[in-house]
Amino acid sequence: LPEIREKKHFLILGMLHPSKGQIDALMAIKMLINDFPKVRLLIAGEGWKSYTNQLKSYIKSNNLESNVTLCGYVHNPDKLIQEANALLVCSRNEAMGRVTAEAMAAKVPVIGYDGGATSEIINNSNGGLLYNQIDQLYECMKSILYSSQLAEKLGQNGYQFALENFTNQHYADKVMEVYKEVLDK
């Protein structure tokens, strides 16, 4: 049998809103429980009450209470990120994923929807896996649980990319490039 990582939880972090795709994560975890009965999904964030109620209803009607925790707003999510097998970014059109960058900086792989800035960051960094459909999300999550080598490689690649692209110095250098370009004209 393939190796199974000791930690068994995934994290989705951000505003609770239909566009953020938390329902995708719930559907995938429901599938994953068949292979990993003790796997957990932590959903951290607050948002629309109606959508939050929809998530709670899905959790209850699918008997996911022992596998899914709605954490609410978390002031400092660093510990949650560091302890996760992977961060899930299920938003269809994420502009610039701050939580994606934070996970990469913590050497945590990212599993993201193949759209928006998430696909650009993942493709350019090799720091995670992409999906388009729920069954692909399930397969990505399963791959992370089965292979510590894969998870470690993705985490390390993401970390390297974050060091090269998401530091204050990098942003300052980019701003200076713009100023120099404007002044040269």
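**Exercise 1. Place Ser125 in the fold and describe its surroundings.**

Solution. Start with the secondary structure: Ser125 is found in helix α5, residues 116-125 (helices are DSSP runs of H or I, at least four residues, and strands are runs of E, at least two, numbered from the N terminus). Next, take the accessibility: at a relative accessible area of 8%, Ser125 is buried (under 20%, with a 1.4 Å probe and protein chains only). Then look at the side chain of Ser125, which reaches the backbone oxygen of Ile121 at 2.8 Å. Finally, leaving aside neighbours within four places in sequence, Ser125 is in contact with Met104, Asn157, Gly158 and Phe161 (contact means heavy atoms within 4.5 Å).

A word on the model: it is predicted, so local features need pLDDT of at least 70 and side-chain atom pairs pLDDT 80 or more, while totals for chains, interfaces and linings use all residues. Residues are numbered from 1 along each chain as its sequence is written, and side-chain values use heavy atoms, without hydrogens and water.

**Exercise 2. Classify the ring pair of Tyr113 and Tyr131.**

Solution. The structure holds 3 aromatic pairs (ring centres of Phe, Tyr or Trp, the latter by its six-membered ring, within 6.5 Å; planes under 30 degrees apart are stacked, over 60 edge-to-face, the rest tilted). For Tyr113 and Tyr131, the centres are 5.5 Å apart and the planes stand at 80°, so this pair is edge-to-face. Now locate the partners: Tyr113 lies in strand β5 and Tyr131 in strand β6, so the pair ties together parts 18 residues apart in sequence. Both Tyr113 and Tyr131 are buried.

Technical notes
Buried means under 20% relative accessible area, exposed over 50%, partly exposed in between (1.4 Å probe, protein chains only). A polar contact is a pair of N or O atoms within 3.5 Å; within protein, one must be able to donate a hydrogen and the other to accept it, and residues adjacent in sequence count only if both atoms are side-chain atoms.
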